[in-house]
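Open the model in your viewer and keep the sequence panel beside it. Each stop below says what to select and what is there.

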Amino acid sequence: MDLRHHLEIIRFKTVDLLPLEELEAKLRRGRPLVVKYGADPSRPDLHLGHYVNLRKLKDLQDLGHRIVFIVGDFTATIGDPSGRDTTRPRLSEEEVRENARTYFEQVSRVLDPHKTEVQFNASWLSKLCARDIVHLASAYTVARMLERDDFEKRYRSNTPIFIHEFLYPLFQGYDSYHIQADMEVGGTDQKFNFLVAREVQKHYGQEPQVILTLPLLVGTDGVRKMSKSYGNYIAFNDPPAEMYGKVMSIPDAVVPEYYSLVLYYDDRQLEEVRRQMAEDPRDTKARLAYEIVKLFYSEAAARAAEEEFNRVFRARQAPSAMPEVRVPPEGKNIVDLIYDAGLVASKSEARRLIKQRAVRLNGEVIEDPTLVLRIQEESVLKVGKRKFLKLVPAREP
RNA sequence: GGUGGGGUACCCAAGCGGCCAACGGGGGCAGACUGUAAAUCUGCUGGCGCAGCCUUCGGGGGUUCGAAUCCUCCCCCCACCA
């Protein structure tokens with residue numbers, strides 16, 4: 001493959017790819033690049049936002065480059081004392097290892113696990129002594145640290161920044177140095193860290209890495225970036241129906257973005273998507289949902305998810321499968337029933353929902369929270385938009 | 001180290017002795033409308049044995065018939081000065 005074509009593949013969908021000349025020089029040597037990807041050991045639940053990065057790593061892997069996953073167990077076990085969240089748990093070694101395992105298992109759905117390396121950064125970072133750390137810290141200045149936009153924002157808004165937080169980018173940079181990274185891949189929010197890493201590598205007399213950043217996928221709210229902490233994410237591990245439903249719930253405006261970043265559509269295809277979006281937004285989004293489920297599961301799963309979705313939300317019928325609850329012959333209070341089934345967090349919440357006419361039995365609104373429910377035959381209880389229970393009369397033992 | 005300001009529910013933010021389970025906004029949930037989209041309107045958003053009760057306003061102690069509100073000690077944050 002010629003260099004131009006090779007570069008073309010690498011560049012697809014990237015925001016930053018720099019410095020380009022350095023990348024060309026590295027490629028020209030004909031050696032596989034060491035590509036670094038940082039993994040957060042506290043977040044084993046991968047989502048579509050991660051997928052954007054993994055998809056790019058897959059490209060690089062297919063081009064013959066070496067993917068190295070760095071599990072940040074060092075910082076995870078030290079814990080981050082910033083913020084008032086004193087309860088934030090410090091992960092134990094076993095937890096980190098377990099998280100890394102499930103993480104890697106999910107990664108393997110995109111990358112070839114046999115060609116992907118995993119390294120734990122505590123194995124070298126924990127060996128640094130004070131002298132080493134001072135030396136590392138002299139690779140960068142406070143002024144330049146404060147250039148990072150979230151530091152800058154916090155500085156301006158008088159939110160504390162702790163010294164060790166300045167250290168983290170440096171440690172990440174040290175990781176790059178340690179594995180002799182040629183390139184680091186991540187979201188645009190990582191750009192600063194990646195650039196610091198270049199300085200660190202130079203500081204140690206190593207050729208700096210090339211940085212490759214990808215757009216941040218917007219979450220299901222259509223506003224903020226997809227993130228577990230915002231609760232706006234679609235996880236690799238979401239069951240097909242859930243995944244399908246979540247895609248359907250994204251705002252129209254971001255549909256083309258999903259086509260672009262998740263399905264990897266090129267500009268020509270995207271133009272077509274936009275045209276269809278104007279014409280038939282619902283079906284265009286449905287196709288997106290279908291394709292995404294297919295990507296993570298299978299064609300059959302996608303078809304099933306679609307059918308189920310249409311059944312429940314378009315035809316407004318009960319789902320084909322739902323949790324079953326037995327109702328004793330003497331009946332059971334409706335609030336207790338909803339609460340015991342785990343549909344709500346508290347009985348007060350159950351009462352509230354009833355008051356708001358959000359609870360239906362076989363389509364009939366239940367208004368009385370003191371109701372003792374008795375049933376003769378199988379019934380369907382609907383709570384809110386998407387929670388269903390199948391009620392079964394319990395027979396005498 | 002000094003001086004001043006501040007810590008209120010998921011987040012921001014009012015309240016500054018009883019009318020406070022705590023204004024308002026955001027977020028979330030629910031209902032109507034719909035394409036589980038957007039927009040809009042409405043309601044809710046600590047818990048329970050729910051017309052009542054219990055727990056909450058950084059933590060402990062105190063004053064008072066009564067405290068988020070006053071006093072006191074402690075912890076934490078911010079700004080300026082050093």
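Start by selecting N53 in chain A, together with whatever touches it. Leaving out neighbours within four places in sequence, N53 is in contact with Y37, V185, G186, G187 and L214. Its place is in helix 3, which covers residues 48-62. Is N53 buried or exposed? With a relative accessibility of 9%, N53 counts as buried, because the cut-off for that class is under 20%. Bear in mind throughout that this model is predicted.

**The whole chain**

Now zoom out and select chain A. Its C-alpha atoms fill a box of roughly 80 × 50 × 45 Å along the principal axes. Chain A has 397 residues, of which 46% count as buried. Show it as a cartoon, and there are 18 helices and 13 strands to find. Among contacts in chain A with a separation of 6 or more, 69% are between residues 24 or more positions apart.

Colour three ranges separately: 3-214 for domain 1, 240-314 for domain 2 and 324-393 for domain 3. From the C-alpha centre of domain 2 to that of domain 3 is 33 Å.

**The largest nonpolar core**

Next, select L54, L57, F69, M183, Y258 and I292. In the largest nonpolar core, which has 62 residues, these six touch the most other members. Which helix gives this core its largest share? That is helix 15, residues 281-296, with seven residues. The core also draws at least three residues from domain 1 and at least three from domain 2.

Keep F69 selected and expand to its contacts. Not counting residues up to four places away in sequence, F69 touches Y37, A39, L54, L57, Y103, V107, L111, T116, E117, V118 and Q119. Y37 in that list was also among the contacts of N53. Apart from the largest core lies another one, of 23 residues, including F74, W124, Y168 and F171.

**Two more buried residues**

Go to L270, in helix 14 (residues 267-279). At 5% relative accessibility, L270 counts as buried. Its contacts, leaving aside neighbours within four places in sequence, are K13, P256, Y259, S260 and Y265. For a distance check, pick L23 as well: L23 and L270 are 247 residues apart in sequence, with 28 Å between their C-alpha atoms.

Then select T220. What does it sit in: a helix, a strand or a loop? T220 is in the loop that runs between strand 6 (210-214) and helix 12 (240-248). T220 has a relative accessibility of 17% and therefore counts as buried. Beyond its neighbours within four places in sequence, T220 is in contact with N232, Y233, I234, K246, S249, I250, P251 and Y258. Y258 is also one of the core residues that touch the most other members.

**A partly exposed residue**

For contrast, pick D149, which lies in helix 9 (residues 149-156). D149 has a relative accessible area of 48% and so is classed as partly exposed. Its C-alpha atom is 19 Å from that of A139, ten residues away along the chain.

**The RNA strand**

Finally, display RNA strand B and select the protein residues around it. There are 26 of them, and P251, D252, F309, R351 and R352 are the closest. Of the RNA strand B atoms that come within 4 Å of the protein, sugar and phosphate make up 68%. Sorted by class, the surface near RNA strand B has eleven charged, eight nonpolar and seven polar residues.

Which helix supplies the largest share of this surface? Helix 18 does, with five residues. At least two residues of the surface come from each of helix 15, helix 16 (299-314) and helix 18 (347-355).

Three polar contacts can be picked out one at a time:

- At S348, a polar backbone atom is 2.7 Å from a phosphate oxygen of RNA strand B.
- At K285, a side-chain N or O atom is 3.2 Å from a sugar or linking oxygen of RNA strand B.
- At I250, a backbone N or O atom lies 3.4 Å from a sugar or linking oxygen of RNA strand B.

I250 has already appeared on this tour, as one of the contacts of T220.

Conventions. Residues numbered from 1 in each chain as written. Chains lettered and ligands numbered in written order. Predicted model: local features only at pLDDT ≥ 70, side-chain atom pairs only at ≥ 80, totals over all residues. Heavy atoms only, no water. Core = buried A, V, L, I, M, F, W, Y, C linked by side-chain atoms within 4.5 Å. Buried < 20%, exposed > 50% of the residue type's maximum accessible area, 1.4 Å probe, protein only. Helix = DSSP H or I, 4+ residues; strand = E, 2+ residues; numbered from the N terminus. Domains from an automatic or database assignment. Contact = heavy atoms within 4.5 Å. Near = heavy atom within 4 Å. Polar contact = N/O pair within 3.5 Å; in protein donor to acceptor, adjacent residues only side chain to side chain. Nonpolar A, V, L, I, M, F, W, Y, C, P; charged D, E, K, R; others polar.
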